[in-house]
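Work through the exercises below with the sequence and the model side by side. Try each task before reading its solution.

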Amino acid sequence: MKDLAPHIYRQRLLIEGFYEWAVSEADVLGFFETLLDELNMTAAGDPIVNSSLGKGKPENQGIEAFIPLIESGIALYTWQSSKFLSLIIYTCKPYDNDTALEVTQAFFGLIEMQSKSF
């Protein structure tokens with residue numbers, strides 16, 4: 001992929017994995033707090049957390065969340081029935097991918113995890 005804006009720093013990390021417990025809205029808020037602290041990033045506003053639990057197709061129910069950052073933003077999606085999550089960290093500030101991976105794996109107790117940085 002051609003870098004259309006080489007003068008703008010962008011770092012993106014996609015993390016996906018399987019967890020073993022029912023993730024709640026409170027858990028997501030705690031995760032954002034922990035991750036921002038560990039990556040030394042600053043929220044630009046309050047997190048937005050939506051739950052589709054009990055709505056729509058059971059296989060698609062979960063929690064969707066976003067936290068705006070001074071440095072850009074983080075989005076998290078969970079699928080409750082599959083106990084699967086997908087997280088994207090998109091920033092214009094450098095951060096340590098290994099720290100983000102370690103925090104995510106430890107917080108959610110991921111039993112299997114894949115990631116891609118781009």
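## Exercise 1: Two salt bridges

Asp3 has a relative accessible area of 38%, so Asp3 is partly exposed. Keep in mind that this model is predicted.

**Task.** Find the partner of Asp3 in a salt bridge, then find where the other salt bridge of the structure sits.

**Solution.**

Step 1. Start with the count. The whole structure holds two salt bridges.

Step 2. Take Asp3. Its side chain meets that of Arg10, with 2.7 Å from N to O. Arg10 is partly exposed as well, at 22% relative accessible area.

Step 3. Take the second pair. Lys93 and Glu71 meet through their side chains, at 3.9 Å from N to O. The cut-off is 4 Å, so a pair within that distance counts.

Step 4. Place both residues. Lys93 sits in the loop between β5 and α2, and Glu71 in the loop between β3 and β4, so the salt bridge ties together parts 22 residues apart in sequence.

Step 5. Check exposure. Lys93 is partly exposed, at 25%. Glu71 is buried, at 8%.

Step 6. List the surroundings of Glu71. Beyond its neighbours within four places in sequence, Glu71 contacts Asn40, Met41, Thr42, Tyr90, Thr91, Cys92 and Lys93.

## Exercise 2: The sheet and its helices

**Task.** Give the order of the strands in the sheet, and say which are the edge strands.

**Solution.**

Step 1. Read off the order. Six strands make an open sheet: β2-β3-β4-β5-β1-β6. The pairing is antiparallel.

Step 2. Find the edges. β2 (48-51) and β6 (112-117) each pair on one side only, and these are the edge strands.

Step 3. Add the twist. From one strand to the next it averages 10 degrees.

Step 4. Look at one pair of strands. β3 and β4 run antiparallel and are joined by six bridges. Ala65 has Leu76 in β4 as its bridge partner.

Step 5. Lay on the helices. α1 crosses β2, β3, β4 and β5, at about 30 degrees to β3. α2 lies across β1, β4, β5 and β6, at about 25 degrees to β1.

## Exercise 3: The nonpolar core

**Task.** Which residues have the most contacts inside the largest nonpolar core, and which elements give two or more residues to this core?

**Solution.**

Step 1. Recall the general pattern. In soluble globular proteins, nonpolar side chains tend to be buried together.

Step 2. Size the core. The largest one has 27 residues, and Ile74 and Ile89 have the most contacts inside it.

Step 3. Trace the contributors. Two or more residues come from each of β1 (11-18), α1 (25-39), β3, β4, β5 (84-91) and α2 (97-108). α1 gives the largest share, six residues.

Step 4. Zoom in on Ile74. Not counting residues up to four places away in sequence, Ile74 touches Phe32, Leu35, Leu36, Ala65, Phe66, Ile67, Leu69, Leu87, Ile88 and Ile89.

## Exercise 4: Aromatic pairs

**Task.** Classify the ring pairs Tyr19–Trp21 and Phe107–Phe108.

**Solution.**

Step 1. Know what to read. A pair of aromatic rings is described by the distance of the centres and the angle of the planes.

Step 2. Count the pairs. The whole structure has nine aromatic pairs.

Step 3. Take Tyr19 and Trp21. Their centres are 6.4 Å apart and their planes stand at 55 degrees, a tilted pair. Tyr19 is buried, at 2%. Trp21 is partly exposed, at 30%.

Step 4. Take Phe107 and Phe108. Their ring centres lie 5.2 Å apart and the planes make 70 degrees, so this pair is edge-to-face. An angle over 60 degrees is what the label requires. Phe107 is partly exposed, at 26%, whereas Phe108 is buried, at 0%.

Step 5. Join the pairs. Tyr19, Trp21, Phe31, Phe32, Phe107 and Phe108 are linked by ring pairs into a cluster.

## Exercise 5: A residue of β1

**Task.** Is Leu14 buried or partly exposed, and which residues is Leu14 in contact with?

**Solution.**

Step 1. Locate Leu14. This residue is in strand β1.

Step 2. Judge exposure. Its relative accessible area is 29%, so Leu14 is partly exposed. Buried would need a value under 20%.

Step 3. List contacts. Leaving aside neighbours within four places in sequence, Leu14 contacts Ser86, Leu87, Ile88, Gln114, Ser115, Lys116 and Phe118.

Step 4. Compare sequence and space. Leu14 and Asn97 are 83 residues apart in sequence, with 10.0 Å between their C-alpha atoms.

Key. Residues numbered from 1 in each chain as written. Predicted model: local features only at pLDDT ≥ 70, side-chain atom pairs only at ≥ 80, totals over all residues. Heavy atoms only, no water. Phe/Tyr/Trp six-rings, centres within 6.5 Å; stacked < 30°, edge-to-face > 60°. Buried < 20%, exposed > 50% of the residue type's maximum accessible area, 1.4 Å probe, protein only. Contact = heavy atoms within 4.5 Å. Core = buried A, V, L, I, M, F, W, Y, C linked by side-chain atoms within 4.5 Å. Helix = DSSP H or I, 4+ residues; strand = E, 2+ residues; numbered from the N terminus. Pairing = 2+ DSSP bridges. Axes fitted to C-alpha atoms, helices over the stretch in contact; angles between N-to-C directions.
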